[in-house]
Amino acid sequence: MFEGNSTADRRSQAQGFPARQIGHAENLQVKRYSAAGGRATPFAPPETAKPCATAFQSIALLFQGGGALGAYQAGVYEALHEAAITPTWVAGISIGAINSAIVAGNRPEDRVPQLRAFWDLVTDAGDGGWSSLMSELFVGDHARGLFSQWAAGLVAMRGIRGFFTPRFPPPHLQQGAGAISWYDGTKLRSTLERFVDFDRINAGETRFSVGAVNVRTGNFAYFDNETDRICPEHVMASGALPPAFAPVEIDGESYWDGGMVSNTPLDWVLSARSKLDTLVFQVDLWSARGELPRDLAEVAVRTKDILYSSRTRAATDEFRKMQRYRAAFHELLGKMPPELAATPEARLLAADSDPAVYSIVQLVYRSQTFEGHFKDYEFSRRAMEEHWRAGYRDATETLKHPEVLVPPVEPDAVKVYDFITPTQKPNQTAPQA
């Protein structure tokens, strides 16, 4: 384990990186970095350096929202765990928030088994394994597409064990929360309590953040264990996508799925002025890149992909640009005369300068050709296993490249790696969607 050499030392050497309606939950203290009074703030609290199994001072694992596709993230985590890479900060949106909570809310040795138990639960059709056996009879893209559509239809009609159930009578015959959502997500609370130790999350051993949208103001808000006491409702709010689920009430404010505004927590983590050399694993479930649709079914697929991809690479490019400015001023500050460095203007810029380096590793799930626009609610056991294996395979392939785990030495370095996306060259960002 390494504490990580300072950036300055390396540079000098280099010269010769669903929902539950509730009232107040456990006296939540929602502070200014999250959503107090419905107000959002764009900056995350700084992170403190923690021991890492790499030369980085911080390792962030970021999970995008994407429903049933989230098993891909579990596979990625399993590969990281086998490589002894333990994140110091996990953050997620929607299903990514659930996966993040399971990671942060368990001992490292229990995380993969708990992820597996959760995904086994939500993909249990309750038919004694009959549907899983039947799925093996569907071979080829056309047949697989038919089975996937059938499996997604069952979820829409029956719900998911330990997750949500259809409302009866239907919403237009109800009042209150039942009138504004198709499903009742109250079962998710007990499921989270089964798989997540919230006391462990609140102890702060691992940094934890989830994003949601304030229904009343439309502001995006993050709940972070650096400033908030996290409970199941924070995770449920992050996954309360309307009109499927009702908003979740926290401290008098109602919240919907964070994916409505931003489906990735990348901006939140990068906004922290921690000044730590940081390795980021960005695990996305929707690809911004894709082929031109040939029919209405493919139009529906590409529409979802584009809507929920959240322009991750655009955010990365913007951060790279800002980091060049911060690093440049940090270098300039050391050359300033004392009287100039002491001016209010210089002190203002110094507070936002950043000598740290960053490596951002992108892993993006690539949909199979038979997966339709219903892929995010196709919770069959076969699909889950395939998504899990894909995440494990992609992460394993990425970790074969040793440069991923070595901090850059350039003064303003933000290295971006993508060894998975077809035609993508390592350390180059893809064309933006």
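Trainee: Which strand pairs with strand E5 (residues 207-214) over 3 bridges?

Mentor: Helices (H or I, at least four residues) and strands (E, at least two) are DSSP runs, numbered from the N terminus. Two strands pair if DSSP finds at least two bridges between them. E5 runs antiparallel to its partner, and alanine 212 stands opposite aspartate 257 in that partner. The partner is strand E8 (residues 253-257).

Trainee: What kind of model is this?

Mentor: Residues are numbered from 1 along each chain as its sequence is written, and side-chain values use heavy atoms, with hydrogens and water left out. Local features need pLDDT (the predictor's confidence in each residue, from 0 to 100) of at least 70, side-chain atom pairs count only at pLDDT 80 or more, and totals for chains, interfaces and linings use all residues; the model is predicted.

Trainee: What is the mean pLDDT of the protein?

Mentor: Of the residues, 87% reach 70 or more. Over residues 1-39, however, the pLDDT is below 50, and over residues 424-433 it stays under 50. For the protein, the mean is 84.

Trainee: Which residue in the turn between E7 and E8 has a positive phi?

Mentor: Strand E7 (residues 248-250) is joined to E8 by 3 bridges, and the two run antiparallel. Valine 248 has tyrosine 255 in E8 as its bridge partner. The strands form a hairpin with 2 residues between them, and the one with a phi of about 50° is aspartate 251.

Trainee: Why do the buried residues of helix H7 lie on the same side?

Mentor: Buried means under 20% relative accessible area (exposed is over 50%, partly exposed in between; 1.4 Å probe, protein chains only). In H7 (residues 187-195), the buried residues are Leu188, Arg189, Thr191, Leu192 and Phe195. Their cover includes helices H3 (95-104), H4 (108-122), H8 (198-203) and H9 (232-238). They lie on the same side of H7 because the arc they cover around the axis, taken from the directions to the C-beta atoms, is only 165°.

Trainee: How many residues are in the largest nonpolar core?

Mentor: A nonpolar core is a set of buried Ala, Val, Leu, Ile, Met, Phe, Trp, Tyr and Cys residues joined through side-chain atoms within 4.5 Å. In the largest one, Ile98, Trp119, Phe208 and Phe281 have the most contacts inside it. Another core, of 21 residues, lies apart and has Leu270 among its members. The largest core has 71 residues.

Trainee: What share of the 433 residues is buried?

Mentor: The protein has 15 helices and 11 strands. Of its 433 residues, the buried share is 54%.

Note on methods
Contact = heavy atoms within 4.5 Å.
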